[in-house]
Amino acid sequence: MQMSGAGIFVKTLVDLGVEVVFGYPGGAVLNIYDALFQHAKIRHVLCRHEQGAVHMADGYARASGKTGVCVVTSGPGATNTVTGVATAYMDSIPLVVFSGQVPTLLIGNDAFQEADIVGISRPCTKHNYLVKDGKELPRIMKEAFYIASTGRPGPVLVDIPKDILINPAPYNLPKEVSLRGYNPNYEGHPKQVESALKLINESSKPVVYAGGGVILSNASAELLELVHLLSLPVTTTLMGMGGFPGSDPLHLGMLGMHGTYTANMAVSHADVVLAVGARFDDRVTGKVDEFAPHAKIIHVDIDPTSIQKNVRVDVPIVGDLKDVMRKMIKAVKAKEAAAYRKKMTEWRRQINAWAKTHPLTYKPSANGRIKPQYVVEQIYKITKGDAIITTEVGQNQMWAAQFHAFDKPRTFLTSGGLGTMGYGLPAAIGAQVAMPEKLVIDIAGDGSIQMNIQELATAVQFQVPVKVVILNNRALGMVRQWQELFFQGKHSETIQPNIPDFVMLAEAYGAKGFRATQPGEVPAVLKKAFAASGPVVIDVEVDQEEMVYPMVPVGAPLTKMLLV
């Protein structure tokens, strides 16, 4: 069956089960948009900037567990995706990004809107393709989705020249994907699992350190079962939040630079650390040669290159977390588990003492200003935790992680590895498209929200009812905090005197706007805003002086925290 390349493109998307595409049209992809116009099976969501399109696809993927898809044009359209692609790459999010390209014969001639996006994106994609023959397009597209979603997930970019989209070619979608040299290992080695359990059984101060891989592998239930079987305390990374219930008594809170005192002290005194789906990021370890100095380390990850990359590992296990957790659960005998839980009594007593001595807290307002932590607490109280939370990057992100308990996976969406300002709003739109029945809230800062605030137009056009809560301290808060602590309080370019009126700006886009200026107003304003139809922006004027604590200074060990 012969059809145009654009027709092949759309038919392949349909046959691969794609339901939603985020994108922005342009000359190189006009044929795709013409084909989409004639096809009702795929929903297209028009972004206002290509970076927004990738973040929307990213939020869609994180919330749903499916592969996110976006389409952009050549040149600047393609280069505008790079920040979003790098964001997904750092956080291992499955995306397929399709970029238009100038006709094949013009590649390399500096043609209008030409950019070597394959070369540009190579360092921040799991794989990428330049399509050279229309008949290869279905195979390449199927491979792209397979690579993006298997093993350690990640973004794949497919660059399609305009002539490939115009010219006819046969449609032939292969039934299977076979890639030489790409065979992810999903099964943890039984002997390594046995060695890991032996270490745990011999320990008296174990800690489970859970990362985003728990969520990506859908292994939250297995982790919960194993942890309760042995009464193991658990700390999560920023990316792992929701992978283990935040309200569970065994949860120590987040680990690392802005982690809880309890989590940081527990890891620093542990004799065994079971790391599952985490990569020992520098924001987690602090001074790496003093990270968990007394502990034997067990590291479970599907990506063998992540093991031994940043810290020494005593028992490496390469495999899918769900498989490894199931093997561990099966190998633990009931009698041994009961004895081990009893042995944990003293360790639990020490952990509870740390939690009591330095709980996660903040000083009450003494000047009538709204504390940002209080706003996050009220969001949790009003929603009862039944919401998907996205964040921007900075203080707003850390306060959300600290003061909102996430009990379910795929309910906390944030840019962890790259720390991308402007992520939260488009990611919230993508998440809301994926989960239309859920309340989706973007906890934002007044600096970050302006990076991609144009996507309010997308939310309004498609009536995507996201709620944006801006913790407005009229500053680039996290950078200002560092200046306050480490640069003698010199606020170079971090105080923002010309903040727009966010309520008026929301209304200008056609959204609803609300504002709170006093602590007593916060609960009522949030309730009213969350109950409102359509997209909403809530401007909450918070205390500019407030900082995020605890904080581990760069280069310091986890035990050297700055506290409230």
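Where is proline 550 found? Proline 550 sits in the segment after β20. The peptide bond leading into it from tyrosine 549 is cis, with omega near -5°. Keep in mind throughout that this is a predicted model.

## Overall layout

The protein splits into domain 1 (2-170), domain 2 (190-357) and domain 3 (372-541). The tour below starts with a sheet built from β2 to β7, moves on to the contact between domain 1 and domain 2, and ends with a sheet built from β15 to β20.

## The sheet from β2 to β7

Here 6 strands make an open sheet, and reading across it gives β3-β2-β4-β5-β7-β6, with parallel pairing. The edge positions go to β3 (43-46) and β6 (127-130); each has a single partner strand, so one side of each has no neighbour in the sheet. Neighbouring strands here are turned by 20° against each other on average, if you ignore direction.

Zooming in on one edge, strand β2 (residues 20-23) runs parallel to β3 and is joined to it by 4 bridges. One residue to look at is glycine 23, whose bridge partner in β3 is leucine 46. As background, strands of a sheet pair through backbone hydrogen bonds, either parallel or antiparallel.

## Where domain 1 meets domain 2

The centres of domain 1 and domain 2, taken over C-alpha atoms, are 38 Å apart. On the domain 1 side 8 residues are in contact, and they meet 6 residues of domain 2. About 580 Å² is buried between domain 1 and domain 2, with carbon and sulfur atoms giving 62% of that area. Within domain 1, Met90, Asp91 and Arg152 lose the most area to domain 2, and together they account for 60% of what that side buries.

What about the polar side of things? Between domain 1 and domain 2 the count is 1 salt bridge, along with 2 residue pairs in polar contact, both residues at pLDDT 80 or more. Arginine 152 and aspartate 303 bring their side chains together in a salt bridge, at 2.8 Å from N to O.

## Around helix α10

Arginine 152 also turns up in a C-alpha pair with glycine 213: the two are 61 residues apart along the chain, and their C-alpha atoms are separated by 8.3 Å. Glycine 213 belongs to helix α10 (residues 213-216). If you set aside its neighbours within four places in sequence, glycine 213 is in contact with Gly277 and Leu321.

Following the chain on from α10, you get to asparagine 218, in the loop between α10 and α11 (220-230). Asparagine 218 has a phi near 55°, which is a positive value in a residue other than glycine.

## The sheet from β15 to β20

This one is an open sheet of 6 strands too, in the order β16-β15-β17-β18-β20-β19 and with parallel pairing. At its edges stand β16 (412-413) and β19 (512-516), each with a single partner strand, so one side of each is left free of a neighbour in the sheet. Strand β15 (residues 388-391) runs parallel to β16, with 2 bridges joining them. Across that pairing, isoleucine 389 stands opposite phenylalanine 412 in β16.

Two helices go with these strands. Helix α19 (residues 424-434) packs on the sheet and touches β15, β16, β17 (440-445) and β18 (467-472), its direction making about 175° with that of β17. Helix α22 (residues 502-509) lies across β18, β19 and β20 (536-541), and runs at about 170° to β19.

Definitions and conventions
Residues numbered from 1 in each chain as written. Predicted model: local features only at pLDDT ≥ 70, side-chain atom pairs only at ≥ 80, totals over all residues. Heavy atoms only, no water. Pairing = 2+ DSSP bridges. Contact = heavy atoms within 4.5 Å. Axes fitted to C-alpha atoms, helices over the stretch in contact; angles between N-to-C directions. Domains from an automatic or database assignment. Buried area = accessible area lost by both parts, 1.4 Å probe. Salt bridge = Lys/Arg side-chain N within 4 Å of Asp/Glu carboxyl O. Polar contact = N/O pair within 3.5 Å; in protein donor to acceptor, adjacent residues only side chain to side chain.
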